[in-house]
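Welcome to a short set of exercises on reading a protein fold. Keep the sequence and the 3D view open, try each task yourself, and then walk through the solution.

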Amino acid sequence: MNPDRYTTLRVAFDDGVAWITLDNPPVNVLSGTLIRELHDVLGMLRDDGSVHVIVFSSANPEFFIAHVDIHILNEMDELRVIADRHPDANLFQGVGELLRHQPQVTIVKLAGRARAGGAEFVAAADMTFAARETAGIGQSEVLMGIVPGGGGTQYLRERVGRNRTLELLLTGDLVDADTAAAYGWINRAVPAAELDAFVDGVAGKIAALPPELIAAAKQLVPPADLTDGLRTENDVWADLVSGALPARLMTGALERGAQTPAGERDLESVMRSLAAGL
């Protein structure tokens with residue numbers, strides 16, 4: 001593999017671990033290019049027996065994945081080849097499903113914010129460890145006038161149960177790492193100063209195991225088959241996203257600084273203020 005082939009990812013290898021750093025300035029939106037490159041790197045790693053663990057982190061300490069790029073609906077024709085690889089899922093669900101079915105153990109190191117498509121990515125990974133003081137995670141699509149369309153409804157229900165899923169979906173709130181851990185959305189909250197060393201330790205312990213043990217564990221604890229739920233999610237999302245309200249909210253969000261660091265730091269307040277003025 002040639003890591004230099006990527007423009008939104010940095011890839012490094014060490015003792016059975018692939019370290020993938022998301023680097024899509026200014027706020028790491030899940031863009032068409034990032035989706036393509038994630039498919040490429042995960043596809044290449046799938047058959048690499050020397051890699052036992054994949055750790056995802058962000059080059060931006062404030063944002064892991066801010067959310068799906070608001071402009072991406074204009075790229076859907078160009079992304080059709082990627083979407084067609086997942087006959088039972090849409091383009092955005094395909095990212096999570098690829099990650100959920102990766103043979104290696106996948107770990108997210110969450111230092112900053114992960115909203116919407118970013119939260120879906122976090123929930124699709126096998127494990128997530130987050131910085132107690134700085135991390136935040138939110139399934140915030142309702143603030144854009146839609147519901148999750150990248151697996152969030154299904155991943156959340158599997159992780160946290162129906163009651164908490166409804167709370168998180170319908171408030172759109174960004175929750176802190178301790179709350180996310182208490183709900184079961186992530187594995188645990190770790191002091192920010194200890195996060196790197198902690199994730200290094202977990203990844204190293206797993207990577208040092210005989211590969212047949214890792215494969216056996218993943219075989220015995222497989223990802224649930226969410227095909228029917230994902231299909232229903234896509235139908236509901238597609239119906240909502242084609243309406244007038246999401247377009248108005250997304251346009252207003254961009255005008256108020258969405259997809260810039262300043263606008264994304266408290267996107268929930270920006271969106272609630274915008275909705276109140278419509």
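**Exercise 1. A pair of strands and its sheet**

Task: Find out how strand β6 and strand β8 run relative to each other, parallel or antiparallel, and how many bridges join them.

Solution:
- Step 1. Locate β6 at residues 113-115 and β8 at residues 136-138; the two strands run parallel, and three bridges join them. Keep in mind that this is a predicted model.
- Step 2. Pick one position to check by eye: Arg-115 stands opposite Gly-138 in β8.
- Step 3. Now step back to the whole sheet. Four strands make it up, in the order β4-β6-β8-β9, and this open sheet has mixed pairing.
- Step 4. Look at the ends of that order: β4 (63-65) and β9 (175-176) are the edge strands, each pairing on one side only.
- Step 5. Add the helix. α4 packs on this sheet and touches β4, β6 and β8, and its direction makes about 100° with that of β6.

A general reminder fits here: strands of a sheet pair through backbone hydrogen bonds, either parallel or antiparallel.

**Exercise 2. The six-stranded sheet**

Task: Work out in what order the six strands of the other open sheet follow one another, and which strands stand at the edges.

Solution:
- Step 1. Trace the strands across the sheet: the order is β1-β2-β3-β5-β7-β10, and the pairing is mixed.
- Step 2. Find the edges. β1 (9-14) and β10 (188-190) each have a single partner strand, so one side of each is left without a neighbour in the sheet.
- Step 3. Check the twist: on average, neighbouring strands of this sheet are turned by 20° against each other, direction ignored.
- Step 4. Zoom in on β1 and β2 (residues 17-22), which pair in the antiparallel sense over six bridges. Arg-10 stands opposite Thr-21 in β2, and the bridge partner of Ala-12 in β2 is Trp-19.
- Step 5. Follow the chain around the turn. β1 and β2 form a hairpin with two residues between them, and Asp-15 in the turn has a positive phi of about 50°.
- Step 6. Finish with the helix α1 (residues 32-46), which lies across β1, β2 and β3 (53-58) and runs at about 20° to β1.

**Exercise 3. Two helices side by side**

Task: Describe how α5 and α10 pack: at what angle, and how far apart are their axes?

Solution:
- Step 1. Recall the general approach: two packed helices are described by the angle between their axes and the distance between the axes.
- Step 2. Read off both values: α5 and α10 pack at about 135°, with their axes 8 Å apart.
- Step 3. Name the arrangement. An angle over 145 degrees would count as roughly antiparallel, and 65 to 115 as roughly perpendicular; α5 and α10 are therefore oblique to each other.
- Step 4. Identify the contact: Gly-152, Thr-153 and Gln-154 in α5 meet Gly-229, Leu-230 and Glu-233 in α10.
- Step 5. Sort these residues by class, and you get one nonpolar, four polar and one charged.

**Exercise 4. The largest pocket**

Task: Say what volume the largest pocket has, and which element gives the largest share of its lining.

Solution:
- Step 1. The volume of the largest pocket is about 420 Å³.
- Step 2. Its lining holds 19 residues, and Asp-126, Lys-218, Val-221, Pro-222 and Pro-223 lie nearest the centre.
- Step 3. Assign the lining to elements: α4 (117-124), α5 (152-160) and α9 (211-220) each supply at least two residues. The largest share, four residues, comes from α9.
- Step 4. Count by class: 14 are nonpolar, none are polar and five are charged.

**Exercise 5. The cavities**

Task: Determine how many cavities of 30 Å³ or more the model has, and what lines the largest cavity.

Solution:
- Step 1. The count comes to two cavities of 30 Å³ or more.
- Step 2. The largest cavity holds about 330 Å³ of space. It is lined by 25 residues, with Val-68, Ala-116, Glu-141, Ile-146 and Met-250 nearest its centre.
- Step 3. α4, α10 (227-241) and α13 (267-277) each supply at least two residues of this lining, and α13 gives the largest share, three residues.
- Step 4. By class, the lining of the largest cavity divides into 16 nonpolar, five polar and four charged residues.
- Step 5. Turn to the second largest cavity, with a volume of about 50 Å³. Its lining includes Leu-30, Val-68, Phe-92 and Glu-120, and α3 (91-100) and α4 are the elements that give two or more residues to it.

Definitions and conventions:
Residues numbered from 1 in each chain as written. Predicted model: local features only at pLDDT ≥ 70, side-chain atom pairs only at ≥ 80, totals over all residues. Heavy atoms only, no water. 1 Å grid on protein atoms, 1.4 Å probe; cavity = no way out; pocket = protein on both sides within 12 Å on 5 of 7 lines; lining within 4 Å. Points joined across faces, edges and corners; volume = space filled by probe spheres on them. Nonpolar A, V, L, I, M, F, W, Y, C, P; charged D, E, K, R; others polar. Pairing = 2+ DSSP bridges. Contact = heavy atoms within 4.5 Å. Axes fitted to C-alpha atoms, helices over the stretch in contact; angles between N-to-C directions. Parallel < 35°, antiparallel > 145°, perpendicular 65-115°, else oblique.
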